[in-house]
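Trainee: Please take a close look at one strand of this model, how it is enclosed and what surrounds it. Then place it in the wider fold.

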Amino acid sequence: MRIAVTGIGVVSAIGMNCAETLQSLLDERSGIGAMRYLRSVHTDLPVGEVPHSDADLKALAGVPADEPMPRTSLLGIIAAREALQQAGLNDQMANNLAFISGTTVGGMDLTEQHWHDYTKGKSTNTIRLHEAGESTNAIARHIGSFSFIATPSTACSSALNAIMLGANMLRTGQAKAALVGGAESLSMFHLNGFNTLMILDHRPCRPFDAGRNGLNLGEGAGYLLIEPEEEAIARGATVLGYIGGYANTCDAFHQTASSADGEGAYLAMRGALQMAELQPADIDYINAHGTATPNNDLSESAALLRLFGDTLPAVSSTKAFTGHTTSASGGIEAVICMLAMRHGFVPANLNWSNTAEGLIRPVTHTEYKPLRHVLCNAFGFGGNESSLVLSTEGIDLPIAEHLVEPAAVCTADIADDTEVSTYISAAEGRRMTPQTRRIAVAARRVMTESGITMPDAIVCATQWGCMLQSMRFLQDMLATDEQQLKPTPFIQSTHNTIASLIAIMTANHGYNSTYAQGRQSLACAMEDIRSQMSLGLIRTALVLEFDEQVEVWDNVLALIGDRTQAVARATLFANKN
Amino acid sequence: MEQLIEQLKAQIIEALNFEDMTPADINTDAPLFGEGLGLDSIDALELIMLMDREYGIKLADPKAGKAIFQSVRTMAEYIQANRTK
C-alpha cells in the first residue's frame, strides 16, 4: 500500500496556516520573542508563542466564547481543520476516519489557571479537560466525526508516534483515512519544568551551534491527513506526498538525558530507512530534532554521523523558528518537511555561527533544491525516539494479510508493596512513587514468569498519567510563585514516565509508547499492538495499565462526581499465529 | 564545618530520596557521582536547587556543579564560602 498525504495543516509562532508558515520559512523570519499571553513570572525567557490570546483563538477556531477549551485544543482545531479542508474530505469518508493527536500538556493550562477555584470548590466545567484525551476529544467535536480517537503521550515524540499508529491502521484496514499529528500549548507548568532542568536559553536558541545554551519552548499544532493512494486518486484528491517509512525505539538510557552515542536515535532513523527500503544516500534533507540543548544536539549529531557517515545530506533544525513545540513538534515539523518537498527548499537552521567537535554542520540559509526523500526526527523524555521518512514518490508498504488478535500470555495485578524488594532494587526504586514501584513489580514479574524478558514493544495505557508528581509540581509552583522548584516531580510528571522507566530498567530498545485517552486508553494500546502484530512489526508486547490515586486530585474530581481508580497491571501479549 | 557537613548529609538524603540511609552511611570524602552514591544529572539539578533553597546560592550554569559536587566535603566548603543565608 502506498500511503498518500492529501492534507496538511499547521499553526505555530511562524504562521496560522501553511501559507504563512511557508512564507516565514522562506523569509527566515523567526517567531521567537518575549511572552505576551503565557502567564508566568519568568518573562525573561523567550518563547515561540502563537500571537493570539485564547479569546482570539476561540474566534478563529469557531469555538463559542463561553465554551471551556484548553489552548492546546484551540490550536489543534485550527490546524486540523486546515488539513481536512485541503484533503477535501466529504461526509462519507468520515465513516472510517481515525483521529490520532499527540499531546502531553492537554488541559494543564486550564488547571493551573483555575486551581485556586478548584480548591475552593468552584469552577467545575474545566476540570475534566485536564485529561489529555479529553483535550483531543474537544478538538474532534469541532472538526468532524471519527471512528477512532487516540492520544499518544510520549512527551516530545508524541505527534510522530500518532502518525505511525495512523499509518499502521491504514495498512491493517482498521481505518480508511487518518488525521494524525499533535497539539501543544505553552503552559506555566512545563515552562517551569524545563526551567528546573536548566535547559532554557535566555536568548533565542541556536541549534547545533558550539555556543548553544538550551531551548526555547514553543506551541502549536500540526497534522497530516493520510489515506491509501488508491482511495485518494479514486476520490480525486491531490496527493501532496507519501509516508515512506517510520520507526520508534527507546534509547533506554536515562529519564532526561540522551546517550552519548545516540543509540536510540540511530536505531529509529535506521528503522525508518529500512521500512522505506532506502539507503542513507537517498535522503535529501533531515529535519533534525535539534532542540539546541548541549546534550541533544551532540547525541543526535553522533547518531546522524554514525548512520550517514560521508553521505550526510542537508540538515537543519527549525526550532529556531518555532521554538520547541514539544508534543506537537513531530506534527509541525512533518508539515514543514511537506512544505519543503512541495516547494523545493531546505529550511534554514537559524542562529548558527560556529561548529565544534562532534557536531554536524547545519544548513544556515534557505537552499532551493528539489527534495525527493526527507527524514523528520522527534525525540522525547525517557529516550522515546521517533523518525519518519516522507517522500515525493509513492513507497509500497506491506499490508496485513489478516488481523492478529494478541494473546495474553501472563498478567500481574499489583495492589500492595509486599513484592517490591523482590523485584526492585533500592537504587531503581529511589525516585519512584509507591504506585510506580507497583507497576514496576508487575512488569518485572510478568517478564520473569513468562520468560519473555525483552518484549518487542512496551505500551502504557493511563487515564490521568503520573498524577502524584504532577500535582506536587503544580502545587509547589503555585505556592512559591514559580520559584525554587524541584526537577524530579516535573521529570516524572509526563505520561510516558512509566513505559520509559520500564525500558530503562530492562535496557529495552524496542518500540515504546503511551496512550492517554481516558477510559479508552487500554483500547488504544491494544489497537496499537494489534496493528503492529498484524503487520509483523512486533511479536510480543508488554502492556502496562497505570493510574494512581492522589487525594488532592480526587478532591477536585469529587466536584464533578468522579474519582481516580488506582491500577498497576502488566500483561504480556504474544502473536500466537 | 563538621556541623554543616552533618546537616548537609541529612539534606541530601531528604532531597534525593535515599529513604533507607542515615547521615552515618555517607562518607564525607567519597565521590557523590559515578562511584559512591552513584548520583546522576537529575541529582545534580536537585543539589543545585538544594543550595539555592537552603543556603541562598544560585548557580546559573549546571556545568559548574561538577567541581562543587565532588564529595560532601567539597560541597560543604563551597557552601561555607558562598552562602547568603
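Mentor: A residue is called buried here if 20 or more other C-beta atoms lie within 10 Å of its own, with C-beta atoms placed from the backbone. The model is a predicted one, and the strand to examine is β2 (97-102) of chain A.

Both faces of β2(A) are covered. On one side A:Leu97, A:Phe99 and A:Ser101 are buried, and on the other A:Ala98, A:Ile100 and A:Gly102 are buried too. With six of its six residues buried, β2(A) is largely enclosed by the rest of the structure.

The neighbours within the sheet come next. Strands of a sheet pair through backbone hydrogen bonds, either parallel or antiparallel. β2(A) pairs with β4(A) in the parallel sense, over six bridges; in that pairing A:Gly102 has A:Gly182 as its bridge partner. β2(A) also pairs with β3(A), again in the parallel sense, over three bridges. There, A:Phe99 is matched with A:Ile149 of β3(A).

These strands belong to an open sheet of ten strands in chain A, with the order β3-β2-β4-β5-β1-β6-β12-β11-β7-β8 and mixed pairing. The edge strands are β3 (148-150) and β8 (314-316) of chain A, each of which pairs on one side only. From one strand to the next the twist averages 20°. Elsewhere in the sheet, β7 (residues 285-287) and β11 (residues 373-380) of chain A pair in the parallel sense over three bridges, and A:Asn287 has A:Cys376 in β11(A) as its bridge partner.

Helix α6 (residues 158-171) of chain A packs on the sheet. Its contacts include β2 (97-102), β3 and β4 (177-184) of chain A, and the direction of α6 makes about 170° with that of β4(A).

One residue in the range of α6, A:Ile163, is among those with the most contacts inside the largest nonpolar core, together with A:Leu224, A:Ile226, A:Ala272 and A:Leu544. That core has 220 residues and draws at least three from each of domain 1 (3-391) and domain 2 (407-574) of chain A. For A:Leu544, leaving aside residues up to four places away in sequence, the residues touched are A:Ile439, A:Ala443, A:Cys460, A:Ile498, A:Ala499, A:Ile502 and A:Ala570.

Chain A is divided into these two domains, domain 1 (3-391) and domain 2 (407-574). Their centres, taken over C-alpha atoms, are separated by 24 Å. Across the boundary, 51 residues of domain 1 of chain A are in contact with 44 residues of domain 2 of chain A. Among the elements that give two or more residues to the domain 1 side are β3, α6 and β6 of chain A, as well as α4 (108-119) and α9 (263-276). By class, the residues of this side divide into 19 nonpolar, 26 polar and six charged.

The remaining boundary is with the other chain. In contact there are 16 residues of chain A and 13 residues of chain B. On the chain A side, α14 (426-429) and α17 (487-491) each supply at least two residues, and the largest share, three residues, comes from α17(A). That side of chain A has seven nonpolar, six polar and three charged residues.

Note on methods:
Residues numbered from 1 in each chain as written. Chains lettered and ligands numbered in written order. Predicted model: local features only at pLDDT ≥ 70, side-chain atom pairs only at ≥ 80, totals over all residues. Contact = placed C-beta atoms within 7 Å. Helix = DSSP H or I, 4+ residues; strand = E, 2+ residues; numbered from the N terminus. Nonpolar A, V, L, I, M, F, W, Y, C, P; charged D, E, K, R; others polar. Pairing = 2+ DSSP bridges. Axes fitted to C-alpha atoms, helices over the stretch in contact; angles between N-to-C directions. Core = buried A, V, L, I, M, F, W, Y, C linked by C-beta atoms within 7 Å. Buried ≥ 20, exposed ≤ 12 C-beta atoms within 10 Å, placed from the backbone. Domains from an automatic or database assignment.
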